[in-house]
Amino acid sequence: MQVLYEHGFPVPKPIDQNRHCVVMELIDAFPLRQIDHVEDPGQLYSDLMDLIVRLAQYGLIHCDFNEFNILVGNDGKPILIDFPQMVSTSHPNAEEYFNRDVECIRTFFKRRFQYESVLYPKFRRDTKREFNLDVKVAASGFSSSQQKQLESYMNALAVEDDDESGAYSEEDEQEGSEEEEADEQCHTSEDEEEEDSSQIEDGTAGSSKK
Ligand SMILES: Nc1ncnc2c1ncn2[C@@H]1O[C@H](COP(=O)(O)OP(=O)(O)OP(=O)(O)O)[C@@H](O)[C@H]1O
Ligand SMILES: [Mg+2]
């Protein structure tokens, strides 16, 4: 969190740390999970996707990027919390984790705000590494001694993938299966899922902050 804060990421200001305790700034905001209405869902969606991509450009994937770990204040801007499970973009399962974070947000926005965009980031296209914060924070899946070997492997993969299509694009044929997969993977309990759908069915979603 300290490193993210120092690099301008929207996270609480860290104050102190001892063993497994972290003292941080108290953010005056609600978790996104508790928010039924936002002024501009498209802007918030875009801010969140930008945040996922920016983290990856710094070599990091949050891995629990969902409505429970995003706080939204009165200004509508997101603050990210809860980092213990963060991994490096060089982790062998990085692509799966990255896509899962993206799909959790897409699924939540569809269900809660009835907002859906054909634009969303793709791991291999949008996560060109520019910084190595994963080394700095020793994120799982990466060590400085492995850096060169893994970078050349990733570069080789990138070359192989050059032929694949780029740009945020519509992938209608794949959307059904991706969404089902995301539903299974997002960290929302069954009870809360039921609460979500009943709110939408009876029209109570989109009213106000709880
Ligand atoms: N800096 C903060 N300011 C305000 N509220 C916070 C802050 N950090 C955490 N919270 C509140 O506490 C809740 C839980 O925090 P967090 O997500 O870090 O822990 P957790 O998910 O319960 O635990 P774990 O890390 O074991 O998964 C958040 O949803 C949020 O409501
Ligand atoms: Mg949490």
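This passage walks through the overall make-up of a predicted model, its magnesium site, two of its helices, a pocket and a few individual residues.

In this predicted model, local features need pLDDT of at least 70 and side-chain atom pairs count only at pLDDT 80 or more, whereas totals for chains, interfaces and linings use all residues. Residues are numbered from 1 along each chain as its sequence is written, chains are lettered from A and ligands numbered from 1 in the order in which they are written, and side-chain values use heavy atoms, with hydrogens and water left out.

The protein contains 8 helices and 7 strands; helices (H or I, at least four residues) and strands (E, at least two) are DSSP runs, numbered from the N terminus. It has 210 residues, of which 42% count as buried. Here buried means under 20% relative accessible area, exposed means over 50%, and partly exposed lies in between (1.4 Å probe, protein chains only). The exposed surface of the protein comes to about 11800 Å², and carbon and sulfur atoms supply 48% of it. These accessible areas come from the Shrake-Rupley method with a 1.4 Å probe, and for residues only the protein chains shown count as cover. With contact taken as heavy atoms within 4.5 Å, 75% of the contacts in the protein with a separation of 6 or more are between residues 24 or more positions apart.

The magnesium ion (ligand 2) has Asn69 (OD1) and Asp82 (OD) as its protein donors, at 2.0 to 2.1 Å. Donors are N, O and S atoms within 2.8 Å of the metal (3.2 Å for Na, K and Ca); water is not among the atoms, so sites may look incomplete. Asn69 sits in the loop between strand 4 (60-61) and strand 5 (70-72), and Asp82 in the loop between strand 6 (78-80) and strand 7 (87-88), so the pair ties together parts that are 13 residues apart in sequence. The two donors can also be placed by accessibility: Asn69, at 5% relative accessibility, is buried, whereas Asp82 is partly exposed, with a relative accessible area of 32%.

Helix 2 (residues 41-57) has 17 residues and reaches 24 Å from its first C-alpha to its last, close to the 24 Å expected at 1.5 Å a residue. The expected span of a helix is 1.5 Å times one less than its number of residues. Of the 17 residues of helix 2, 12 are buried, so this helix is largely enclosed by the rest of the structure. Among the buried residues are Leu44, Leu48, Ile52 and Leu55, along with Asp47 and Tyr45. The buried residues of helix 2 pack against helix 1 (2-6), strand 4, strand 5, strand 6, helix 3 (94-113) and helix 4 (123-126). After helix 2 comes Gly59, with a positive phi near 95°.

Helix 3 is mostly covered too, with 17 of its 20 residues buried. From first C-alpha to last, helix 3 reaches 28 Å, close to the 28 Å expected at 1.5 Å a residue. Gln114 follows helix 3, and its phi is positive, near 50°. This residue is found in the loop between helix 3 and helix 4 and is exposed, with a relative accessible area of 53%.

Val38 belongs to the loop between strand 3 (30-31) and helix 2 and is buried at 13% relative accessibility. Leaving aside neighbours within four places in sequence, Val38 is in contact with Leu44 and Phe113. The C-alpha atoms of Val38 and Gly76 are separated by 7.1 Å, although the two are 38 residues apart along the chain.

The second largest pocket holds about 500 Å³ of space. Its lining counts 22 residues, and the closest to its centre are Met1, Gln2, Val22, Phe83 and Pro84. On a 1 Å grid over the protein atoms alone, a pocket is an open set of points where a 1.4 Å probe fits, with protein on both sides within 12 Å along at least five of seven lines; lining residues have an atom within 4 Å of a point. Grid points are joined across faces, edges and corners, and a volume is the space filled by probe spheres set on the points. Strand 1 (14-18) and strand 2 (21-24) each supply at least two residues of this lining, and strand 1 gives the most, with 4 residues.

Val22 lies in strand 2 and is partly exposed at 45% relative accessibility. Not counting residues up to four places away in sequence, Val22 touches Met1, Asp16 and Gln17. Arg19, in the loop between strand 1 and strand 2, has a positive phi near 50° and is exposed, with a relative accessible area of 75%.
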